Structure formats: C-alpha cells, structure tokens
Amino acid sequence: MPVAERPGTGAAPDPSHATQGSGRKTGRFWSARRIPAALCALVLLGGVGLLLYDVAAVRSGRPAMQWRRTLARELAERPLDDTAVLIGAGVAAALGLWLLLLALTPGLRGLLPMRRSHPEVRSGLHRDAAAMVLRDRAMEVPGVHSVRVRVKRSKAKVRALAHFRELDDVRADLDDTLGDGVKGLGLSRTPRLSVRVARPGKKG
C-alpha cells in the first residue's frame, strides 16, 4: 500500500538524492534504525555506568570489583596471539562493521520511492502492493492461467502460465499491459520488466 510522509517525520530522506519539484525523482527512504540504536545505547550505558560506579567506589576507599581486577590481569598477561584475544577482537570487529553497515545503508528495502508530485511530500509504495497491482493487470490478459510477480528496485519479474493461445501472443500482450502498468505505478525509478510465459505442467 502507498505511504506518504512530510520531511522531518518518519523515515529520514536520502539527502544526496532527494529532489524537489513536480514529477521529479526522489531518493530512497532511510530507516531510523531504532532497535539497533537502542540496543547499542543500552549496552554502552550499562557498561559505562558499571565502570563509573566501580571507579567511584575505588576513589572512596573500597576495593575494585573482581571483574575489573580479572580483566586488567588478563589484558596484562595474555599475549596478543592468544585464541581468546583473537576471538574477542573478531567479534568486536564484526559488530563494528555491522553498525557501520547499518549507518551507511538506507534500509527499508520493501518500500519503493515514488515520483514527487508536491515538494513537501514524499510517497512510497510497498513492493507487495506493486506486485499485486501488476498481477491483477496480468490476469486481465486473455489466455493467462496464473501469474507470479516479484518487484525489486530495478526489476519486475513476471512468470505467467498460459493455458490457451500462442505463447508469443500472450507474451506480447503481457509486455504491453504490464509496461503500461509499471509506468502507472508512479515510481521514481521505473523497474525493468522481465516477462516469461510457459505452459502449465501436466498433472500426474
């Protein structure tokens, strides 16, 4: 189903691709990444809070917690090529790369940006909704028995089964009908159409 937002609300726009004006192209929607950001913040908050509490306890004359004494001893005594050190470094590097990937990629792959008809409003169409529209258009073509449609950012794949008429005729009608249907979706980036037509398999 279509969604719409005004700048400053919901998913953040891509500033490097967004344009204004009637009918112009617009960039992809950027995910707010609320869950990864919240988990990262909670982990950092818990770790920093525990460390500050222990430092304050040491400053007041109490002994340091056992986990900090053990950690300091292990860091001082273990060699860098130790298996546990290498595993820990690998996990930390993987988590860091994952966070960088989340920060540098838009996300929301299921939402296709639509052309702007108003400079203050950005609209998007879910892939499933776009596929449903094209599937309904394809079922109107005479001879089509069933259709499967998958819509991506750059390509719309259509796999149809025809139970009568020549396959070339059905494919030509599907190309015309779905070509108009893809343009009618109003997407910022019109996906390339790929149509395949075959006969239904024999039962038994």
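**View 1. Asp175 on helix H5 of the predicted model is partly exposed.** Asp175 has a relative accessible area of 36%, and that value lies between the 20% and 50% limits, so the residue counts as neither buried nor exposed. Helix H5 is where you will find Asp175. Setting aside residues up to four places away in sequence, Asp175 touches Leu193 and Val195. Arg196 makes a handy landmark here: its C-alpha is 9.8 Å from that of Asp175, and the two residues are 21 apart in sequence.

**View 2. Leu174 sits among the residues of the largest nonpolar core.** If you step back one place along the chain, you come to Leu174. With neighbours within four places in sequence left aside, Leu174 is in contact with Ala138, Val141, Val144, Ala160, Gly179, Val195 and Val197. Val195 is thus a contact of Leu174 and is touched by Asp175 as well.

**View 3. The largest nonpolar core holds 25 residues.** Which members touch the most others? They are Leu134, Val151 and Leu174. Two or more residues of this core come from each of helix H4 (127–139), strand E6 (144–151), strand E7 (155–162), helix H5 (167–184) and strand E8 (192–198). Helix H4 gives the most, with 5 residues. As a general background, nonpolar side chains in soluble globular proteins tend to be buried together.

**View 4. A nonpolar patch lies on the surface.** Its members are Leu50, Leu51, Val55, Trp67, Leu71 and Leu75, and together they have about 530 Å² of accessible area. Helix H1 (34–59) and helix H2 (66–77) are the elements that give two or more residues to the patch. Take Leu51 as an example: this residue is in helix H1, and its relative accessibility is 39%. Leu51 counts as partly exposed because 39% falls between 20% and 50%.

**View 5. The whole protein puts the close-ups in context.** Here you can trace 5 helices and 8 strands, which follow the pattern β-β-β-α-α-α-β-β-α-β-β-α-β along the sequence. The protein has 204 residues, of which 26% count as buried. Among contacts with a separation of 6 or more, 60% are between residues 24 or more positions apart. The protein exposes about 13,700 Å², and carbon and sulfur atoms supply 61% of that area.

Conventions:
Residues numbered from 1 in each chain as written. Predicted model: local features only at pLDDT ≥ 70, side-chain atom pairs only at ≥ 80, totals over all residues. Heavy atoms only, no water. Helix = DSSP H or I, 4+ residues; strand = E, 2+ residues; numbered from the N terminus. Buried < 20%, exposed > 50% of the residue type's maximum accessible area, 1.4 Å probe, protein only. Contact = heavy atoms within 4.5 Å. Areas by Shrake-Rupley, 256 points an atom, 1.4 Å probe, with all protein chains shown as cover. Core = buried A, V, L, I, M, F, W, Y, C linked by side-chain atoms within 4.5 Å. Patch = residues over 30% accessible without salt bridge, like charges linked within 9 Å, V, L, I, M, F, W, Y side chains within 5 Å. Salt bridge = Lys/Arg side-chain N within 4 Å of Asp/Glu carboxyl O.
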